[in-house]
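Visitor: I am new to this structure and would like a close look at one part of it, the enclosed spaces inside the protein and what surrounds them. Please take me through that part slowly, and then place it in its wider setting.

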Amino acid sequence: MTKPVCVLLFFFKALDIDRWNLECEFNNLDHRTDLNGADRLIVRRGQPFSISLYLRSGSYQPGVSTLDCVAETGPQPSEQYGTRASFGLSANIDTSRWSAAVLSPPGDMVALSICSAPDAPIGRYTLTLGQAGRIEFILLFNPWCSADVVYMDSEANLAEYVLAQDGIIFQGDYRYPVPIPWNFGQFESGILDICLKLLDMNPKCLRNPGKDCSGRRNPIYVSRVLSAMVNCNDDKGVLWGRWPENDEGYKGGVNPLLWKGSVEILRNWEKQACAPVRFGQCWVFAAVCCSVSRALGIPCRVITNYLSAHDTNNNLVIERRIDENGDLIRSREMIWNYHCWVESWMTRPDLKPGFDGWQASDPTPQEKSENIYCCGPVPVRAIKDGELTFKYDAPFVFAEVNADVITFMKKKDGSTSEVMNTTAVGQKISTKRVGSDDREDITHLYKYPEGSNEERETFKKANHQNKLLHQQGDHGLHLTIKVSSDMRKGCDFDVFAVVTNNTQSEKKCRLVFGSCALSYNGFLGGSCGFKDLLNVELPPGAERRVPLRLNYSKYGSQLTEHNLIRLAAVLFDYATNEATLATRNIVLENPQIIVRILGEPKENRKLAAEITLKNPLPEPLEACCFSIEGNKKKKIDVYINISTLASTVGPGEDAKAKVYFTPTRSGLRKLVVNFDSDKLCNVKGYRNVIIGK
């Protein structure tokens, strides 16, 4: 006799959803996107977020209730490209893929946890919940998630390189780095939307949106797109580059030195229907790129390389020509007094092991890469080790910090001869130190110590034979330039050419010592002082210091906006007909802007700041104006242009102004101040303000 069989039938039933709550305030805080606001859902990939579902009928029953979810991004979502994912309810969240799980007990309110894949493309998403409808959210890179390729394991570094909206960019000279405050403003209202629009406007997206959106899973791809889109040379990019040597100046746009942050630039680009904002130079390109990277969740920092080479033919050699006065003859191959780019943090699974971490990208349009004006990302470690075959653009970045410099003199009779020269590129590579406004020297990340065995091996690997050859040999006559300790704009001061005879015989020489105004990217202006000594006699072992007086009455009208002067000394040895060149760039110090906070800074309490600048020039200043910027979204509610000060500010007198503002959040913030006048321009200062609760 057959035994009876008991059959259990399970009927699965889809959740009947009436409405939902995206819990934006909680989720955004948990995903560290709360500074974007709480009016919409912004989450990071590979990390669960929770939404509340309210059922129209029935209740959630474990093992019985079902919910089909579909996440999509881009105009042409497809599972092939990874821009579409279908998934249902699981017992638990799986953070390695798209998944969903219910966290609440049975009932008519369902706490639904959802997690994206840690390699999902970033961007705008729609999430379809069964037949109930769609929710929208934005997905960003997640450097707090160990499964994300942008993962960074230091909270202090994450606070600096992702969350910090203020920063410092270094300008000036490698002997005198000048810190410039910058408002990155990546959490300002509307900035994230502009950053996503920037990705959508790139030519790769316009040609093949599906493939481009798929590529947004990869920070290598995104960083390369940003490198191209921050400049406008090939596309509808953000910034139009213009440099001081342009005959039109900055007519029709803004002098790059007047920008104090990225927010106004990005907003202007959007308002102008993606027409480029005029104008940018290297630190502006780099700062905007840093703002966009941080907004998207890629850890990023701005780098300054002093004496940065621009190699146009990939031979790792900068060939310069001078006349008999030591003045440079214009050429495409230049040595910039400083040049800025960005580093972004990510792994490089496309390369052999050992090259994860900081990757250099350069959004300033200098040379084309794959027929587009972009550069990088390339591992900083690859530059240090001379791995010039690594993607992307390793030879160009290697040359920026390592190129050899060969100088030829063009004589009046038309002949040329090589000049002994000690110029070394890639000095004091700098960035802002984590948690402070101090400068961090990161030269050691790009280069081995000069003269070390590791450096020689790197040059051999990079086939940098010129550098090896020019490291050898010591010449009998030595020429250097020394400067005074106090070189402030408005002062008269001396600089010195120091000639040393290291031979055993007496030397008779001619010394030409000149100075001229200089732009930061290496172009020369007018003369600031000149001296030509036909008979310089040096006994064996002797040293002679030859002064050159630089008077404000001469250099004041010649200075460019960067306050730079190039000093050049040429020593001709009558006995050997050899010439030795020494150069040095100096930056004249601007006066300090003093910002004094009046009262105790507290949330939602009106606060005053008194701003003072002393006129250092021996002549009066007219049309004086302070402008001030703070971050409206985060801590200080102020975007104010103070109108022109009424009175003339005489020599040694103070320009003063007072501004009122109301801090809206507690914490540390920078108040950035700029001073302009007819004779003293683009003077920057800042004050860190701690706002109490």
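Guide: What follows begins with the cavities and then moves outward to the strands, a helix and a loop elsewhere in the chain.

Please keep in mind throughout that this is a predicted model. When the whole structure is searched, 2 cavities of 30 Å³ or more are found. The largest cavity holds about 80 Å³ of space, and the second largest cavity holds about 50 Å³.

Let us take the largest cavity in detail. Its lining is made of Glu 160, Tyr 161, Asp 166, Gly 167, Ile 168, Phe 184, Arg 294, Arg 301, Val 302, Thr 431 and Lys 432. The elements that each give two or more residues to this lining are helix H2 (155-163), strand S13 (166-173), strand S17 (300-310) and strand S25 (427-432). Strand S13 gives the most, with 3 residues. Sorted by class, the lining of the largest cavity has 5 charged residues, 4 nonpolar ones and 2 polar ones.

The second largest cavity has its own set of lining residues, namely Lys 384, Asn 402, Tyr 446, Lys 447, Tyr 448, Glu 455, Thr 458 and Phe 459. Here helix H12, which covers residues 453-461, gives the most to the lining, with 3 residues. The classes in the lining of the second largest cavity are 3 nonpolar, 2 polar and 3 charged residues.

To set these spaces in the chain, it helps to know the domain assignment, which gives domain 1 (13-140), domain 2 (155-467), domain 3 (473-587) and domain 4 (593-691). Taken over C-alpha atoms, the centres of domain 1 and domain 4 are separated by 47 Å.

Away from the cavities, strand S21 (residues 357-361) repays attention. Of its 5 residues, 5 are buried, so strand S21 is largely enclosed by the rest of the structure. Strand S20 (residues 334-346) runs antiparallel to S21 and is joined to S21 by 5 bridges, and within this pairing Trp 345 stands opposite Trp 358 in S21. Strand S21 also pairs in the antiparallel sense with strand S22 (residues 378-379), over 2 bridges, where the bridge partner of Gln 359 is Pro 379 in S22.

Helix H7 (residues 263-271) can be read in a similar way, residue by residue. Its buried residues are Val 263, Ile 265, Leu 266, Asn 268 and Trp 269. As background to reading such a list, an α-helix has 3.6 residues a turn, so residues three or four places apart point the same way. Just after H7, Ala 273 takes a positive phi of about 55°.

Turning to the strands with lower numbers, strand S10 (residues 109-115) is mostly covered, as 6 of its 7 residues are buried. Strand S4 (residues 49-57) pairs with S10 in the antiparallel sense over 6 bridges, and Tyr 54 stands opposite Met 109 in S10. Strand S9 (residues 99-102) is likewise paired with S10 in the antiparallel sense, over 4 bridges, with Ser 113 in S10 as the bridge partner of Ala 101. Between S9 and S10 there are 6 residues, and the two strands form a hairpin.

There is also an open sheet of 5 strands, in the order S3-S12-S11-S6-S7, whose pairing is mixed. Its edge strands, each pairing on one side only, are strand S3 (42-44) and strand S7 (84-87). From one strand to the next, the twist averages 30°. Within this order, strand S11 (residues 123-129) and strand S12 (residues 134-140) run antiparallel and are joined by 6 bridges, and Leu 127 stands opposite Ile 135 in S12.

A last stop is Asn 604, which is found in the loop between strand S34 (593-598) and strand S35 (607-614). Asn 604 has a relative accessible area of 58%, and because exposed means over 50%, this residue counts as exposed. Asn 604 and Ala 569 are 35 residues apart along the chain, and their C-alpha atoms are separated by 58 Å.

Definitions and conventions: Residues numbered from 1 in each chain as written. Predicted model: local features only at pLDDT ≥ 70, side-chain atom pairs only at ≥ 80, totals over all residues. Heavy atoms only, no water. 1 Å grid on protein atoms, 1.4 Å probe; cavity = no way out; pocket = protein on both sides within 12 Å on 5 of 7 lines; lining within 4 Å. Points joined across faces, edges and corners; volume = space filled by probe spheres on them. Nonpolar A, V, L, I, M, F, W, Y, C, P; charged D, E, K, R; others polar. Buried < 20%, exposed > 50% of the residue type's maximum accessible area, 1.4 Å probe, protein only. Domains from an automatic or database assignment. Pairing = 2+ DSSP bridges. Axes fitted to C-alpha atoms, helices over the stretch in contact; angles between N-to-C directions.
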